[in-house]
Amino acid sequence: MTTPKGPQLAVLPTAAEDGTRSRVQVLQPSGWPMPKGYANGMAAEGRIVVTGGVIGWDAEERLADGFVAQVRQTLSNIAAILAEAGARPEHLVRLTWYVVDMDEYLANLKELGRVYRDVFGAHYPAMALVQVVRLVEKAARVEIEATAVVPR
């Protein structure tokens with residue numbers, strides 16, 4: 001009999017707002033430190049909902065002023081798109097953030113955490129953060145793609 005060489009995997013179910021168990025599960029290998037503000041992986045069953053790259057502008061295509069304000073508007077826009085599909089933030093399984101300045105992101109971590117929790121609550125899906133040279137809208141500081149899975 002062989003002993004597995006990799007870490008053991010813990011599957012942690014998440015609770016939906018209505019108190020029922022969601023089919024979205026956090027994947028946390030045992031022995032790994034708990035990540036702060038994201039998950040290492042997610043598993044889910046259901047209907048997939050994806051967004052395109054969403055930026056921090058309003059319905060009149062006016063960008064919010066400043067990085068944190070753009071993040072707040074971007075997250076709010078994602079929440080609105082999810083709602084159109086009958087999804088909620090706790091159905092998110094992945095976010096990919098594109099920022100034009102990594103230092104700007106890192107300098108605002110505490111405020112970004114507050115903004116994130118204000119819009120999405122304490123649900124943290126798998127996330128990736130990528131610095132890019134620029135975004136299509138020149139004044140945009142952040143663009144986020146989202147994937148959610150709505151239980152059937």
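This tour moves through a predicted model, from the whole chain to one histidine and then to a pocket.

**The whole chain**

Begin with the complete chain in a cartoon view. Its secondary structure comprises three helices and eight strands. Followed along the sequence, these elements appear in the order β-β-β-β-β-α-β-α-α-β-β. Of the 152 residues, 36% count as buried. Among contacts in the chain with a separation of 6 or more, 69% are made by residues 24 or more positions apart. If a surface is displayed next, the accessible area of the chain is about 9,000 Å², and carbon and sulfur atoms account for 53% of that area.

**Histidine 91**

Next, select histidine 91. The residue is found in the loop between helix H1 (67-84) and strand E6 (92-99). Is histidine 91 buried or exposed? Its relative accessibility is 5%, and because buried means under 20%, histidine 91 counts as buried.

Which residues does histidine 91 touch, leaving aside those up to four places away in sequence? Show the side chains of Val24, Gly86, Thr147, Ala148, Val149, Val150 and Pro151, which are its contacts on that basis. The list includes Val24 as well as the run from Thr147 to Pro151.

For a distance to display, select the C-alpha atoms of histidine 91 and isoleucine 48. The two residues are 43 apart in sequence, and their C-alpha atoms lie 9.5 Å apart in space.

**The largest pocket**

Now leave histidine 91 and turn to the largest pocket, which holds about 380 Å³ of space. To centre the view there, select Lys36, Gly37, Tyr105, Leu109 and Met127; of the 14 lining residues, these are the closest to the centre of the pocket. Colour helix H3 (109-120) and strand E7 (126-131) next, as these are the elements that give two or more residues to the lining.

Which element supplies the largest share of the lining? That element is H3, with five residues.

Finally, colour the lining by residue class. The lining of the largest pocket consists of 10 nonpolar, two polar and two charged residues. Lys36 and Gly37, both among the residues closest to the centre, offer a convenient place to end the tour.

Terms used:
Residues numbered from 1 in each chain as written. Predicted model: local features only at pLDDT ≥ 70, side-chain atom pairs only at ≥ 80, totals over all residues. Heavy atoms only, no water. Helix = DSSP H or I, 4+ residues; strand = E, 2+ residues; numbered from the N terminus. Buried < 20%, exposed > 50% of the residue type's maximum accessible area, 1.4 Å probe, protein only. Contact = heavy atoms within 4.5 Å. 1 Å grid on protein atoms, 1.4 Å probe; cavity = no way out; pocket = protein on both sides within 12 Å on 5 of 7 lines; lining within 4 Å. Points joined across faces, edges and corners; volume = space filled by probe spheres on them. Nonpolar A, V, L, I, M, F, W, Y, C, P; charged D, E, K, R; others polar. Areas by Shrake-Rupley, 256 points an atom, 1.4 Å probe, with all protein chains shown as cover.
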